[in-house]
Amino acid sequence: MSLLEVCNLKVRFQADRRRLRRSSGCVRAVDDVSFAIEPGETLGLVGESGCGKTSLARAVIRLIEPASGSVWFEGEELTRLDAAALRSRRRKFQMIFQDPYTTLDPLMTAGEAIGEALDVHQLCQGEEDRRRQIEVLLSEVGLDPEHARRYPHEFSGGQRQRIGIARALAVRPKLVVCDEPVSALDVSVQAQIINLLRELQRSLGIAYLFITHDLAVVEHISQRILVMYLGRVMEAGEAKLICRSPKHPYTQALLSAVPVLDPDSKRQRIILPGEPPSPIDPPSGCPFHPRCPLAEARCREQTPALREIGAGHQVACHLVAPPPMG
Amino acid sequence: MRSNLERKRLRNAPTAGIVGGTAAWALSLSPAEAAWLRFKQNRAACIGGLFLLLTVSFVILWPVFRAPGIANWLPPSVTYAPTALSNLQFAAPAAGHWFGTDVHGRDLLSRVVYGARISLLVGLVGAGVSLVIGVLWGAVAGYVGGRCDQIMMRAVDVLYSLPSIVFVIVMITTLEELFKGWLAKVFSPEFAAMGRMLFLFAGLGSVSWLTMARIVRGQVLSLRNQNFVLASLALGASHRRIIFRHILPNVGGVVIVYLTLTVPSIVLYESFLSYLGLGIQPPQASLGSLIAEGASQINPIRIYWWLIAFPGGFLAALLLALNFLGDGLRDALDPRAAERR
């Protein structure tokens, strides 16, 4: 059984009625997304800004309510739980946020922030045990236990993200949703944080849903990758497979944009024309067809389904040939 | 306590002279200790706090001075009764009457102390009501949002739109009509006379929390969408925990500052009501009614300056001290304040 199974998840946002009176008034942030995460595995979620990555992540752990679809966590339907039951289940899945500058309460010391996680789920026996656990967590994420008494404003961005990680790990979760955990940090710190996350995964066996728009990062950390465009999954499969031989035109364009260190590289950069369309009024057929260099007539009319083209490799494109039958 | 803290600070910071750099010594201090250190660095706040403490204890202890055993030990000028009449009218401040006497020959010092008692009580009750009702009302409206917010804030708007003075007058007189007989029957006729004060509190309280509720709601509305609230939700924290541990502490600074502004406005409101004959009735006095009395004695022939200077100066000193204390508390309770300075 998978740790997490997401089936046909949809997230809708009500568009501001006053300004967009003529449109259908509904943003399809996440449209019909399904995937699964095995225990201890990392699933990378990539896509450009505004394609619904964060909405998907938040809907999975029910920080926002999905419009339809189901989320199974350890065989339990999360979308049907009432508020109190959901709160107690939150111990099993945690989240690391994008911006470490705003996710810590400015009036709470690092120790208090981590201690809150312990208090909410009543994970410590007595004051002494609580203090000790906080110290252990701080050293686990590479901070000095003395730092427990410092306030967020006394830390650097990387250190704050470490506190955020310690807070998420305090309850010993099985799944951690990392919503662009390094995009607000500078490159040298990014590497530290990513290595820290990998080490923690190795020692604690946590599964990650790792959201990023940095393809170099996602290849480094994840076993499988999900590529999203306009709220839909375009391609899914083994990380190495997708990075070496992407099948979907969108993934190909995305990968061609990754900077390469070799100045003599002959690689062709695929430049996509135009902007991503608005999710309020998505194009007919394949959502990618207005920008796709290979689009045909049927791309405009039929929405391609996500089809299996190899072992665990799925692509939603009319132009990618399915494997020969039999 | 004090020397212990100082030692800790010195041990942890070789450059303890630079008190702005909190990081070095904040390391081994608990948040409460660090807040106390920050408060101590603010001299105006310390003096204000000390002045308030002395004034309040002096004002509370005042009746004790007239007790037979104690009065013998004190100079006679601090043992007058506030309502004791004498033939010495309009005496200028002197050794016998430090603050002089008023039109009925009453000792002004005792009247000022007596007035401060009532003014402080009125101010604190008003501020307390605005703190409890205003903060809770605003916090719930802002946090829950949606229709609940609409209904709660429209109620505030309705109360706001009524001319507050008319509202308070109607409130005090109706309450008095309704409950005066009941108070006299259940307690005692003396208590019924005191009941006037209760109605005054109710009237002042009913208008004092409106602005506070609006301010708190606005703050909560912006805090509710902060990422750290979302992070807390993701952690599994209950809404009650989020309101009391994250939201309210973060509106604390604004609330403290607004409270220190509420106290003077209520003290002045009370003096206005007293002037209309709805608040404190003579021979009782409040600082406001004393100032009004002093102002009415101003005439071109003789200037009885002490009648207005002492109660006025006392009121001004109290309010200044309160403002300094409020500012100091706000800065002390915010760990980021030292960096901003």
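**Exercise 1. Find how strand S3 of chain A sits between its neighbours.**

Step 1. Strand S3 (residues 42–46) of chain A pairs with strand S9 (residues 224–229) of chain A; the sense is parallel, over 4 bridges. The model is a predicted one.

Step 2. Follow one residue across. Leu45(A) has Leu226(A) as its bridge partner in S9(A).

Step 3. Now turn to S8(A). S3(A) and S8(A) also pair in the parallel sense, over 5 bridges. Here the bridge partner of Leu45(A) is Ile211(A).

Step 4. Place these strands in their sheet. The sheet is open, has 8 strands and runs S6-S7-S8-S3-S9-S10-S12-S11 (chain A), with mixed pairing. Its edge strands are S6 and strand S11 (307–310) of chain A, each pairing on one side only. From one strand to the next, the twist averages 20°.

Step 5. Recall how such pairing works. Strands of a sheet pair through backbone hydrogen bonds, parallel or antiparallel.

**Exercise 2. Decide whether strand S8 of chain A is covered on one face or on both.**

Step 1. Count the buried residues. A residue is buried if 20 or more other C-beta atoms lie within 10 Å of its own. In strand S8 (residues 207–212) of chain A, 6 of 6 residues are buried.

Step 2. Sort them by face. In a regular strand the side chains alternate between the two faces of the sheet. One side of S8(A) holds Ala207(A), Leu209(A) and Ile211(A). The other holds Tyr208(A), Phe210(A) and Thr212(A).

Step 3. Conclude. Both faces of S8(A) are covered.

Step 4. Look at S7(A). S7(A) and S8(A) run parallel and are joined by 5 bridges. Leu175(A) stands opposite Ala207(A) of S8(A).

Step 5. Add a helix. Helix H5 (residues 157–169) of chain A lies across S6 and strand S7 (175–179) of chain A. H5(A) runs at about 175° to S6(A).

**Exercise 3. Describe the 4-strand sheet of chain A and the helix that packs on it.**

Step 1. Write down the order. This open sheet reads S2-S1-S4-S5 (chain A), and the pairing is antiparallel.

Step 2. Pick out the edges. Strand S2 (26–37) and strand S5 (76–77) of chain A each have a single partner strand, so one side of each lacks a neighbour in the sheet.

Step 3. Check one pair. Strand S4 (residues 68–73) of chain A and S5(A) run antiparallel, joined by 2 bridges. Trp72(A) stands opposite Glu77(A) of S5(A).

Step 4. Bring in the helix. Helix H1 (residues 53–60) of chain A packs on the sheet and touches strand S1 (4–14), S2 and S4 of chain A. The direction of H1(A) makes about 120° with that of S1(A).

Step 5. Test how covered H1(A) is. In H1(A), 8 of 8 residues are buried. Among them are Lys53(A), Leu56(A), Arg58(A) and Val60(A).

Step 6. Go just past the helix. H1(A) is followed by Arg62(A), whose phi is positive, near 55°.

**Exercise 4. Set the make-up of chain A beside that of chain B.**

Step 1. List the elements. Chain A has 10 helices and 12 strands. Chain B has 14 helices and 0 strands.

Step 2. Judge the packing of chain A. Its radius of gyration is 21 Å, close to the 20 Å that the globule rule gives for 326 residues, so chain A is as compact as a globular protein of that length.

Step 3. Read off burial. In chain A, 42% of the 326 residues count as buried. In chain B, 38% of the 341 residues do.

Step 4. Take contacts with a separation of 6 or more. Residues 24 or more positions apart account for 63% of these in chain A. The share in chain B is 64%.

**Exercise 5. Work out what each chain brings to the contact, and how confident the predictor is.**

Step 1. Count the residues. Chain A supplies 28 and chain B supplies 23.

Step 2. Locate the side of chain A that touches chain B. Helix H2 (83–89), strand S6 (93–96) and helix H3 (110–120) of chain A each supply at least two residues. H3(A) gives the most, with 3 residues.

Step 3. Sort that side by class. There are 10 nonpolar, 7 polar and 11 charged residues.

Step 4. Check confidence. The complex gets an ipTM of 0.85 and a pTM of 0.78 from the predictor. Chain B averages a pLDDT of 80, and 89% of the residues score at least 70.

Step 5. Find the extremes in chain B. Helix H2 (residues 22–26) of chain B is lowest, at a mean of 44. Helix H7 (residues 146–161) of chain B is highest, at 92. Over residues 8–26 of chain B the pLDDT is below 50.

Terms used
Residues are numbered from 1 along each chain as its sequence is written. Chains are lettered from A and ligands numbered from 1 in the order in which they are written. Two residues are in contact if their C-beta atoms, placed from the backbone, lie within 7 Å. Ala, Val, Leu, Ile, Met, Phe, Trp, Tyr, Cys and Pro count as nonpolar, Asp, Glu, Lys and Arg as charged, and the others, Gly among them, as polar. pLDDT is the predictor's confidence in each residue, from 0 to 100. The radius of gyration is taken over C-alpha atoms; the globule rule is 2.2 Å times the number of residues to the power 0.38. A residue is buried if 20 or more other C-beta atoms lie within 10 Å of its own, exposed if 12 or fewer, and partly exposed in between; C-beta atoms are placed from the backbone. Two strands pair if DSSP finds at least two bridges between them. Axes are lines fitted to C-alpha atoms, for helices over the stretch in contact, and angles run from 0 to 180 degrees between N-to-C directions.
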